[in-house]
Every structure is written in C-alpha cells, then in structure tokens.
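Hi,

Here is the structure I said I would pass on. Have a look at it first, and my notes follow below.

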Amino acid sequence: MRFSWDYGHGTQEFEVPDDLLLGVVEGTAVEPLADLRHALEDALENPLGSPPLSEVVRGGDRVAVACPDFHRLWVRARVWMPLLVGYLNRCGVRDRDITVIIANGTHAPPGYGGLAMILGDDLLRRVRVVNHDARDEAALRFLGHTTYGTPLWVNRHALEADHLILTGAVVPHTFAGFGGGRKAVLPGMAGLRTILANHRRALSDSPGGGIHPRAVPGVLDGNPVHEDMLAAARMVGPRFIVNFVLSEEGDFLGVFAGDMEEAHRSACAFVEKAFRVEIPSKADIVVASRGGYPMDLTFYQAFQSNANARAALREDGRGVLIMVGECSEGLGPYEFQRWFRMGGLEEMEQELRRAFTVPGFVVYRAALLARQAEKVILVSGLDPEVVKKIGIVPHASVQEALEEALATVPGGRILLMPHASQTIPSPAC
C-alpha cells in the first residue's frame with residue numbers, strides 16, 4: 001500500500017507491503033464543529049466551573065490574554081483570537097485595554113512576520129501585543145516558590161492586568177501529560193529559571209533511572225511536571241481559560257472554557273476519548289511523524305512525538321523506530337550542538353542533574369530511545385554525521401528507512417503513526 005505524508009512543506013511517499021501492515025493509528029472520527037463562532041460564544045456564556053466571561057469582565061478592565069506561540073500555528077489562533085477579542089469588546093472591554101501575550105516559553109520571540117502569522121495583521125494593529133521572552137528578567141516578576149520548590153518568575157504583563165485569560169489547545173504532551181490549561185503560564189509566560197526547574201522533574205527520582213515513569217503522554221495524576229505546572233498557575237490565578245481541541249487535519253472539534261482546572265480536565269477527557277487509539281498489538285517497526293510543517297521545523301519539534309511512538313513498539317528492545325521530520329531549521333537553538341558532542345547517556349544525565357537545559361533534555365531523551373530499540377532511524381534533512389553522534393541512524397527518505405528496518409527485522413509488522421504527537425496507542429493485547 002502506498003502512502004504520502006506531509007514532510008516540511010512537501011511530502012514523503014513510501015510503500016508498505018500489505019501483508020506486513022499492522023495498521024495506521026488515527027484518532028477516532030469526531031465531527032468537526034459546524035460553526036466555530038457559535039461554539040466559542042456558547043462556551044464563553046456557559047463555561048465549566050465559572051460564571052460566564054461576560055460576568056467576569058467589565059468595561060474599563062485591563063485584560064491580558066495568553067496566546068500560543070509560532071511553533072503552535074496549528075492551533076490556528078488567527079482564526080479564533082479575533083472572535084475572542086470581539087466578544088471582549090461586546091462586554092465593554094476596549095481594544096486599548098487588551099494585551100495579547102505570545103506565550104513563547106523557551107522559544108525565541110518571533111518577529112513581526114511571525115506575529116502576523118499567529119494573530120493576523122488586523123488584530124496585530126488593534127491590540128497591544130507582548131512577545132514573551134523567558135530570558136528578559138526585566139519583564140518578569142518573582143512570585144515565590146511553588147509547593148514543589150520551583151522558583152516562579154512570570155511575565156509582568158500577565159500580573160498587571162485585572163484579568164488573565166489563558167488560551168491554547170489540548171493534545172497529548174511528551175512529559176506533561178497533556179498540553180493546554182496551566183501550560184500557558186508554565187512554560188508559556190514563565191522565566192527561564194522557572195521552566196528549567198519544572199522540566200527537570202521529568203527525570204526519574206533516582207540517578208540512572210531515565211525518565212520519570214509518570215511523566216508521559218496522557219497522564220496527569222502523579223505526573224510531577226504537570227503537578228508543578230498546576231501549582232505555578234494557581235499562584236498566578238488566571239480568571240478564565242479557553243482551550244480548543246483540533247483534529248489531525250486542523251478542524252476544530254471542541255471548545256472548553258471556564259475554570260482553569262475544570263475546563264482543562266474536561267478537554268483532556270475529550271482528547272483521551274478521541275485520540276487514545278486501540279492497536280492490535282505492539283509493532284516490530286513503528287513509523288512516526290508529527291505531520292509536517294510547522295511541527296517538524298527542528299529536531300526538538302520532530303522528536304516531540306517520541307513517547308507515543310515508543311509506546312507502540314515492542315518492548316524487548318528488538319524493534320525499529322522510524323521518526324520522520326524535515327528539521328528545515330536544524331537541530332534547534334545553538335546549545336543543541338553541545339549536547340550532540342557530549343559523550344554518552346551517563347554524561348548527559350549527570351550534566352542535566354547539575355544544570356538542566358531543555359536542549360539537553362531533548363537530546364538525552366533521543367539518545368535514551370536509541371537504547372530501547374534495536375535501531376532508531378531519523379528521516380530528516382539534518383547532517384547525517386550529527387545524527388549519528390547520539391546513536392541514531394540517519395536517512396533522507398522514509399522508503400530507504402523502511403528498507404533498512406525490514407533488513408533489521410525481516411518480516412516485521414509495521415505500524416504507521418502519521419500524527420504521532422496527537423495519538424496515544426493503546427495495545428489490545
């Protein structure tokens with residue numbers, strides 16, 4: 001059977017023998033919303049665990065709205081953010097009293113062109129837009145420590161407003177369980193020291209233990225990263241959240257608004273039902289992609305789906321995992337190169353526990369993955385010699401990668417995950 005997958009702005013075409021195809025992991029068919037505007041206004045007027053937004057805000061109030069960043073263009077904020085701002089206007093909140101904060105987390109703040117892609121030119125001219133920079137300490141305020149000991153630095157504009165509204169999309173997240181909700185605060189609008197202290201909790205409690213067993217996609221309870229994020233968000237105290245669920249194709253499936261915790265949990269339950277997919281069994285070979293641009297811009301982005309993909313692979317260490325992502329912007333921030341040059345897993349983990357960094361953790365997870373399978377292959381445009389340094393086999397095409405995988409595991413059963421960051425495999429046996 002032939003397949004064509006999005007790969008950067010282009011495609012990758014490949015063929016899988018019919019008798020070896022175990023299945024294609026896709027979310028449950030959920031009917032897209034017929035009218036996004038109506039669904040959004042209904043959610044704002046009939047929220048979960050909160051009075052209607054029209055009763056929360058008043059004319060003259062200053063309202064800050066946290067918005068997903070450039071790396072989350074798939075959330076399509078330029079479609080719904082003008083609708084949300086229009087609703088605030090009808091509640092009496094003037095454009096000049098609205099501040100949209102681009103919740104970049106550790107990502108570099110985008111330029112004007114990137115902001116226009118996120119919000120659209122019209123909205124960019126109407127309201128104040130703040131480009132959060134986690135490294136700009138002058139723009140941060142210290143709120144103390146979370147109950148887990150994380151020092152909490154947050155964008156001052158979020159704290160100076162009369163009301164803070166969090167927005168975003170809920171999907172399975174590699175180590176925070178799910179995206180959305182509290183993540184708009186941490187890492188979205190937090191300082192770098194705060195983000196690093198929080199993300200360090202994804203490591204196991206004991207040295208040498210790899211990743212914490214609860215810091216995985218689809219898990220909130222007992223997940224130390226999520227629980228610390230939630231504690232931080234509670235300290236900031238947003239008045240309202242608006243979260244969306246989208247299909248792999250970018251259609252809006254649901255809107256969840258209201259109390260930060262109740263609305264987010266409801267959205268997570270929806271995602272769990274729609275995107276936890278039963279598979280016949282674990283596979284000998286898993287081919288996983290995030291779905292092309294903009295989710296495969298860098299190595300960091302392309303590898304975000306690794307936990308879901310690994311969950312679909314046989315557990316005896318004899319399987320082959322093929323990750324697909326163009327990585328047109330390279331490895332990511334410059335610091336990634338240092339971690340690719342580092343010795344081995346033990347050295348990486350020691351350095352992470354000494355001085356945690358996001359690039360280091362991403363490379364560590366990828367190198368750890370290479371020990372959990374017979375072979376990990378990356379189909380990308382990266383320099384092959386760089387990829388080899390962390391034990392991963394480079395290829396330029398999915399077809400070539402599949403041929404090597406089948407040579408490694410002759411007759412291996414193949415599972416395809418074209419939107420692997422969004423779908424959680426659940427083996428039937």
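Let's start with strand β16 (residues 320–324), which is mostly covered, with five of its five residues buried. That goes for both faces: V320, I322 and V324 sit on one side, L321 and M323 on the other, and all are buried. Before you read too much into any of this, bear in mind that the model is predicted.

β16 has a partner in strand β15 (residues 285–289), and the two run parallel over five bridges. If you want a spot to look at there, V286 has L321 of β16 as its bridge partner. β16 also pairs with strand β17 (residues 375–379), again in the parallel sense and over five bridges. In that pairing, V320 stands opposite K375 of β17.

Next, β12 (residues 240–246). Seven of its seven residues are buried, so this strand is largely enclosed by the rest of the structure. F240, V242, F244 and L246 point one way, while I241, N243 and V245 point the other way, and all of them are buried. Note that N243 is part of that buried set.

Which strands does β12 pair with? Strand β9 (residues 163–169) pairs with it in the parallel sense over five bridges, and strand β13 (residues 252–258) in the antiparallel sense over six bridges. V242 is a handy landmark for both: T167 stands opposite V242, and V242 also stands opposite A257 in β13. β12 and β13 make a hairpin with five residues between them, and G250 in the turn has a positive phi of about 95°.

Moving on to helix α9 (residues 260–275), you'll find A267 there. Buried or exposed, where does A267 fall? Its relative accessibility is 0%, and with buried meaning under 20%, A267 counts as buried. Leaving aside neighbours within four places in sequence, A267 is in contact with V170, V245 and F256. V245 is one of the β12 residues described above. For a sense of scale, A267 and G332 are 65 residues apart in sequence and 30 Å apart in space, C-alpha to C-alpha.

Now the packing. The largest nonpolar core has 79 residues, and L166, M189, V286, F299 and I390 have the most contacts inside it. Helix α14 (residues 358–370) supplies the largest share of this core, ten residues. V286 should look familiar from the β15–β16 pairing, where it is partnered with L321. M189 is worth clicking on too: beyond its neighbours within four places in sequence, its contacts are A66, I101, A103, H132, W153, V154, N155, A158, L164, L166 and A184. There is also a second, separate core of 47 residues, which includes V63, V85, L88 and M295.

Last, the largest pocket. About 530 Å³ of space lies in it. It is lined by 25 residues, and those closest to its centre are V216, P217, A307, R310 and A311. What gives the lining its residues? The elements that contribute two or more are α11 (306–311), α14 and β20 (424–427), and the largest share, five residues, comes from α11. By type, the lining divides into 13 nonpolar, seven polar and five charged residues. So α14 turns up twice in these notes: in the largest core and in the pocket lining.

Shout if you'd like to go through any of it together.

Cheers

Key: Residues numbered from 1 in each chain as written. Predicted model: local features only at pLDDT ≥ 70, side-chain atom pairs only at ≥ 80, totals over all residues. Heavy atoms only, no water. Core = buried A, V, L, I, M, F, W, Y, C linked by side-chain atoms within 4.5 Å. Buried < 20%, exposed > 50% of the residue type's maximum accessible area, 1.4 Å probe, protein only. Helix = DSSP H or I, 4+ residues; strand = E, 2+ residues; numbered from the N terminus. Contact = heavy atoms within 4.5 Å. 1 Å grid on protein atoms, 1.4 Å probe; cavity = no way out; pocket = protein on both sides within 12 Å on 5 of 7 lines; lining within 4 Å. Points joined across faces, edges and corners; volume = space filled by probe spheres on them. Nonpolar A, V, L, I, M, F, W, Y, C, P; charged D, E, K, R; others polar. Pairing = 2+ DSSP bridges.
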